[in-house]
Amino acid sequence: MESTKFSLLTKEEVDRKWWEIGDFFRRNSLWMLMYCTGCCAIELPPAMTSAYDMERLGMGPMATPRQADVLLVTGYLSLKTLRRLIYTYEQMSEPKYVVGIGSCTINGGIYHDSHAVINQLDQYIPVDVYVAGCMPNTEAVMNGFVDLMRLIKSKKANGWKKYHKNNEWYKKNQIDSLGEVRVKDEFHD
Amino acid sequence: MIISILMGISVAFFGFVLQTSIAGVNRKIIGRVQKRYGPKWYQEFLDIFKLLSKRSVTHGWIFDFGVIMALGGIIATAMFMPITNDLMAFPGFDNFFIFVYLIAVGMLGMAMSASGSGNPLASIGVMRALTTMLAYEIPFMIIVLTIIKLTGHSSLSEIAMFQQTAVAGLEFSGTWFMIALPVGFAVAFLSLMGMLGKKPFETYIAPAEIASGPMVEYGGKQLGMLFIMHEITVFIEVSLFVHLFLGGAENIWIFLIKYFLVYTSVNLISNVNGRFKIDQVVVFFYKWPLLFAVMQAFVAIYLGWVI
Amino acid sequence: MNSMTNIKYVSSLVENRFKVIKKEIVSEYQISFEVDKDEVHRLLTLLKLEGWIQLSYLSAIDWINDNEYELVYIVMNWEKPVHVQIRTRISRENPSMDSILPIFPGCKYYEREVHEFFGVKFPGNPEYAKQLILEGWDDIPPLRKDFDPRAYSDAHFAKREYTETFVNLNNEKSKQVKREKRKERIIRVRKGGKK
């Protein structure tokens, strides 16, 4: 009689197991890159320090995009900032996740009719978790991070895969709104 | 021979596991000091394995090769480290100067790799690291040479044995150099903080200033390897300190306790301090620690005043 | 030194030598003069010689009904604490104002900014037309009153579409009653059980 318990795993199954192990490490040690563009950034100090203590979830701030896993976009994004944000996002090493904080990243918020502020972040880079509010409580921000961990566990936080798959669509949106993604100013010429 | 090499590698692995767990526990302690709950004690392991599980980019072969050279050099250094009096991979090869020379391989590998990334902040970080090294090495070396002069040995285990047992014919034997040379101990402790890159002398990491210095372009697997290298480096430096000043260890439990106490006290002091600027670091080390180190050496060697 | 004497000093200084169209004392630390376009340079030179050495700001206002721009130069004296605003009106058709670069070299960036947001030209400043803040702008200057930011935003940025069917749970009757009861209870507890 052939054993049903011990059968050789196929290559896909082995890959899946490894990926699950990696997901365990990744969701328990999320390093953030805080792109503090707007006012919602003020919610992060209480979340990091002794009031809410983000470090108990394994999260911590990181200095450069290469080291970070999560890109926090806190608040409105002007056209200039969006150019730099796309640079930053593309520099991060995969797997990478994006958390949009505040209503400005969802639909423009109070800047919805401004000439300089974009309205919808997920048109330009893929967003895994949104935290709504203007501005959201610190509890809501923490809840957003816990949601992100849950999404990683259930393999739904695959915005970075979407960015690969729909790259042309994202690039087209970026160029439609920005004209040109390349940064051109006095310091880059 | 093969047994020795395997043993050496297991010493390096032991150092990695020990330092990583103690660093995790220390993060928790610091969390409690700051009235936080703190991360899990195995958080450092999670961080390192997470980094190894990520995809990474390369900036040329020097960038990759330097990382491997750094990790290899540091593992090679750790292989010679005695843990207790008897537990060491290569008996008789635990001379202090072996560590001084071999640890430079790892450091230079990291410097090469960081410069190979082409990021200006990395070059600034490497330059600052070398400047800091110049600053703390001189007072530390003076104190260590004093110890070598007093004991007549430069082997770590011999120095540790000298401090553990009082021999009738030998002067100052039987006391730890922490007590015998109190001023020198203070100087060496400050140098240790510089070596570990702890807060007042953290100039070459400086995340808010030069975006974590040499590590600015690393991500994913390379950064994970650098983290492993960093943990083993800390293990080597703290163990050196334990053997030189705290009388080594008769058995492994004593080693663990001494190691934990030294690392935790460095961390606690570090976490209530701000950061010096790079010129302040150099001026600081060349002023008081150097003066006190020379004074201690003079008093201990020429006047023979040792407690 | 009393601050009102500073105001008196600067108004007598300016009014004796220049034709002031309109004077306004904003507060005891701030005074505003409106002068003719041609007199701005001489007035700023005089103020600089008298100690108003810092150009704090240069901005513009779009009076679209008068078909004029108003330029506002704010200068500051560190010895006598008075901000002086020099206002002048220029035409809205082909707006141009001679640069004050020889008097205040720091005006370089302010003039670039005004050119970028209002389209005022500053002959005399060699790089007034260089972009400063907006990168690759392709429309009329955005702070002019005839620029419609909403139309620009609608044309350039994707908007999130919402479906109109939603349920407003806040106005449900049962919850309203519950909430009022809870509020009453909170007030009762706060007053220590008394009504």
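## A starting point in chain C

Which residue in β5(C) does C:Glu34 stand opposite? The answer is C:Arg87. Keep in mind throughout that this is a predicted model.

C:Glu34 belongs to strand β2 of chain C, residues 30-34, where the side chains alternate. C:Ile31 and C:Phe33 point to one face and are buried. C:Gln30, C:Ser32 and C:Glu34 point to the other face and are not buried.

## The two neighbours of β2(C)

On one side there's β1(C), residues 22-27, which pairs with β2(C) in the antiparallel sense over five bridges. The two strands form a hairpin, with two residues between them. Following the pairing along, C:Ser27 stands opposite C:Gln30, and C:Glu24 has C:Ser32 as its bridge partner. So what holds paired strands like these together? Strands of a sheet pair through backbone hydrogen bonds, either parallel or antiparallel.

β2(C) also pairs with β5(C), residues 83-91, this time in the parallel sense and over five bridges. That's the pairing that puts C:Glu34 opposite C:Arg87.

## The whole sheet of chain C

Zoom out, and these strands turn out to be part of an open sheet of five, in the order β1-β2-β5-β4-β3, with mixed pairing. β1(C) and β3(C), the latter at residues 54-63, stand at the edges with a single partner strand each, so one side of each is left without a neighbour in the sheet. On average, neighbouring strands are turned by 20° against each other, direction ignored.

Two helices go with this sheet. Helix α3(C), residues 107-118, packs on the sheet and touches β3 and β4 of chain C, with its direction making about 15° with that of β3(C). Helix α2(C), residues 40-49, lies across β4(C) (68-76) and β5(C), and runs at about 170° to β5(C).

## Chain A at a glance

Chain A has seven helices and five strands. From the N terminus on, its elements run α-β-α-β-β-α-β-α-β-α-α-α. Its C-alpha trace spans about 75 × 40 × 30 Å along the principal axes.

Of the 189 residues in chain A, 46% count as buried. Look at contacts between residues at least 6 apart in sequence, and 81% of them join residues at least 24 apart.

## A helix and a buried isoleucine in chain A

Take helix α3(A), residues 79-91. At 1.5 Å a residue, its 13 residues should span 18 Å, and its end C-alpha atoms are 19 Å apart, which agrees. The buried residues of α3(A) fall within an arc of 165° seen down the axis, so they line one face of the helix. They are A:Leu82, A:Arg83, A:Leu85 and A:Tyr89. What do the buried residues of α3(A) pack against? They pack against β1 (31-35), β3 (70-74) and α7 (167-178) of chain A.

A:Ile152 sits in helix α5(A), residues 138-153. Why does A:Ile152 count as buried? It has 22 other C-beta atoms within 10 Å, and the cut-off for buried is 20 or more. Leaving out residues up to four places away in sequence, A:Ile152 touches A:Asp23, A:Arg26, A:Arg27 and A:Ala157. A:Tyr97 is 55 residues away from A:Ile152 along the chain, yet their C-alpha atoms are separated by 9.3 Å.

## A helix in chain B

Helix α4(B), residues 96-116, has 21 residues and reaches 31 Å from its first C-alpha to its last, close to the 30 Å expected at 1.5 Å a residue. Its buried residues include B:Phe96, B:Ile103, B:Met110 and three glycines, B:Gly106, B:Gly109 and B:Gly116. The cover over the buried residues of α4(B) includes α3 (61-79), α5 (120-151), α6 (156-164) and α10 (221-245) of chain B. After α4(B) comes B:Gly118, with a positive phi near 80°.

## How the chains meet

Two pairs of chains are in contact, and chains A and B share the most contacts. That contact takes 17 residues from chain A and 26 residues from chain B. On the chain A side, these residues divide into three nonpolar, eight polar and six charged.

Chain C also meets chain A: 13 residues of chain C are in contact with 17 residues of chain A. The chain C side divides into five nonpolar, three polar and five charged residues. Chain B and chain C do not touch, and their nearest C-alpha atoms are 25 Å apart.

Terms used. Residues are numbered from 1 along each chain as its sequence is written. Chains are lettered from A and ligands numbered from 1 in the order in which they are written. This is a predicted model: local features need pLDDT of at least 70, side-chain atom pairs count only at pLDDT 80 or more; totals for chains, interfaces and linings use all residues. A residue is buried if 20 or more other C-beta atoms lie within 10 Å of its own, exposed if 12 or fewer, and partly exposed in between; C-beta atoms are placed from the backbone. Helices (H or I, at least four residues) and strands (E, at least two) are DSSP runs, numbered from the N terminus. Two strands pair if DSSP finds at least two bridges between them. Two residues are in contact if their C-beta atoms, placed from the backbone, lie within 7 Å. Ala, Val, Leu, Ile, Met, Phe, Trp, Tyr, Cys and Pro count as nonpolar, Asp, Glu, Lys and Arg as charged, and the others, Gly among them, as polar. The expected span of a helix is 1.5 Å times one less than its number of residues. The arc is that of the directions from the helix axis to the C-beta atoms. Axes are lines fitted to C-alpha atoms, for helices over the stretch in contact, and angles run from 0 to 180 degrees between N-to-C directions.
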